[in-house]
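Here's a quick tour of some charged pairs, followed by a look at one serine. Have the model open as you read.

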Amino acid sequence: MRSARLALLLVATLLFAGCLGGNTAEWGSNGIDVDFSSSEASITTNLGDGESSFNDLSPIGCNVGEEIYPSKNASNRIKFSGFLSASTLYESHDPIDGASGMDTAVTAAVAIQAMSKADANNVKDGEGARIELTQWNVPLMPETRAGTVDLDQIDQDSESDWYILGLIPTTENLNDGFKALTEWHKPITIHGYLISPTLVNGSAFTIDGKLQTTGYYKAGNASYSHSVNDECVLNVGVNNLQSVYVLVDKIELNGEVISASGNSDDEWKNGDMPFLGRAGFILFFLIVGIGGAVGMFILSQMIVRQGAKETMKILLGDEGLAKIKKVASDLRRDKKSGNISPTERKRQQDKQDREEKKQRKPPGKSKADAGPIAGFDLDSALSSGPDDDGPQEFGSKSSSVVVSQEAIKLEQQAISSKPAVQEETWTPPTSTRTSSPVSNVVSSEPARKKTEHFTGSVRKESSAPKAPAPVKKRRATKKRKAAKPEPTQVEPEPQHEEKVHQESFEEDEDFSNFSL
């Protein structure tokens, strides 16, 4: 509903500002073009079925002298004064609708209730004649129906006098000014010239070989002849209806003027508003519209705040509101004295901490500051990626245990030292090992003593369990998702260990010739 009202308001504003309204016929070669003077006129129109030209026309004006009467080459214009009751604008004419001849040069038609200018100004709003139009295709023959006045029924018995005028503009400004005629029920005075049925040279004016009489000036003293009063106003006549073509030179409408040149002091402008003017109305609309919207917003905020205060007063009571006001006044007093609230202090401290954190860089650690475990650096272990050569994470991703390279080396040394301990608990092999292992040892080594041969085979057999031990350790570390240690070579067993084993076996003479 609100959107519909807003749309109607916008359309009304555009209409008042002159952005919307009736369109008149185009001026120029594609519409109508008039070459006018008080002594001669020529009309070229393209508003009908093709182009039509009317040349050497004789305008009929008002001759002022000892007698006042219509005549050719008159210096004054004939007036049509009254109250504007109906009008229509034409952009083109269709011959099918009945328009022909001079009708195609008419760009506007009006129905004026004839009266003096003073009487027209005294007509109150709503008291003027109301005409209900059905169609107005032929400029001098409007079709009306029941209203306060039916133009089809105007005759000698009618109480009111009427002008039905087919208006032909003499300048472009007048053609554009015909838009003002769309505003009915206003006092109006049209200044212009009638068209003589004879040309400038005195010959009859014909169209397609036919004499033109309807709508043209009628000379003579007959009841239907045209005459003017002392103010050059055309008399209506006994039939109470005058239907004529008018070459318009000026229009006075409700205190404004539409002139031929457009330079009148009271010149009418499309969209002009009384008192404010067109620019003033647009400015007024912007100020009232935008200012009213802002004012309504402020008013709504005040209403909301007032409602919130009333609700708070009900919930907290007078005592609670008094305490809140005291706290607020204390905060304002502290702020003026230079004190800041704890919230503001915390905000400033957080801001200062962030700035210091950005400026501060993590201090580097030298090798001299290394702890008892060489190569272990907690900061670098936490900041390094999975591909770094430094300390690696030990265990799952959630674990915080870090293993350094030195720890890996110590673990490998422990693994390599385990077989020596296991050799002390060695038991003699069974007789099933007397064939291939012994023969392989004997064939690959130079000639030795028999005791040395036994110890050599024992050393070979005792070194067999060394291989799975480091493999087990590596598999265990792999399960713990530790980084792979660098491959290290297992140091050969010291020679003195071999001697120890050799001496231990030499003490037993029963095994001196085990190969047998």
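E132 and R145 pair up through their side chains in a salt bridge, with N to O at 2.9 Å. E132 sits in strand β7 (residues 132-135) and R145 in strand β8 (residues 143-145), so the bridge ties together parts 13 residues apart in sequence. Keep in mind that this is a predicted model.

A search of the whole structure turns up 7 salt bridges. Here are some of them, with the relative accessible area of each partner:

| Salt bridge | N to O distance | Acidic partner | Basic partner |
|---|---|---|---|
| E132 and R145 | 2.9 Å | E132, 34% | R145, 46% |
| E183 and K186 | 2.3 Å | E183, 39% | K186, 19% |
| D350 and K346 | 3.2 Å | D350, 30% | K346, 54% |

K186 counts as buried because its 19% falls under the 20% cut-off. D350 and K346 are 4 residues apart in helix α5 (residues 342-359), so about one helical turn separates them. D350 is partly exposed, while K346 is exposed. Salt bridges with shared partners also link K117, K250 and E252 into one network.

Now for the serine. S58 belongs to strand β3 (residues 50-63) and is buried, at 3% relative accessibility. A polar atom of the S58 side chain lies 3.1 Å from the backbone nitrogen of V200. Leaving out residues up to four places away in sequence, S58 touches K72, L194, I195, S196, T198, L199 and V200.

Zooming out, the protein has 11 helices and 16 strands, and 30% of its 516 residues count as buried. Its exposed surface is about 33600 Å², with carbon and sulfur atoms supplying 53%.

Definitions and conventions. Residues numbered from 1 in each chain as written. Predicted model: local features only at pLDDT ≥ 70, side-chain atom pairs only at ≥ 80, totals over all residues. Heavy atoms only, no water. Helix = DSSP H or I, 4+ residues; strand = E, 2+ residues; numbered from the N terminus. Buried < 20%, exposed > 50% of the residue type's maximum accessible area, 1.4 Å probe, protein only. Polar contact = N/O pair within 3.5 Å; in protein donor to acceptor, adjacent residues only side chain to side chain. Contact = heavy atoms within 4.5 Å. Areas by Shrake-Rupley, 256 points an atom, 1.4 Å probe, with all protein chains shown as cover. Salt bridge = Lys/Arg side-chain N within 4 Å of Asp/Glu carboxyl O.
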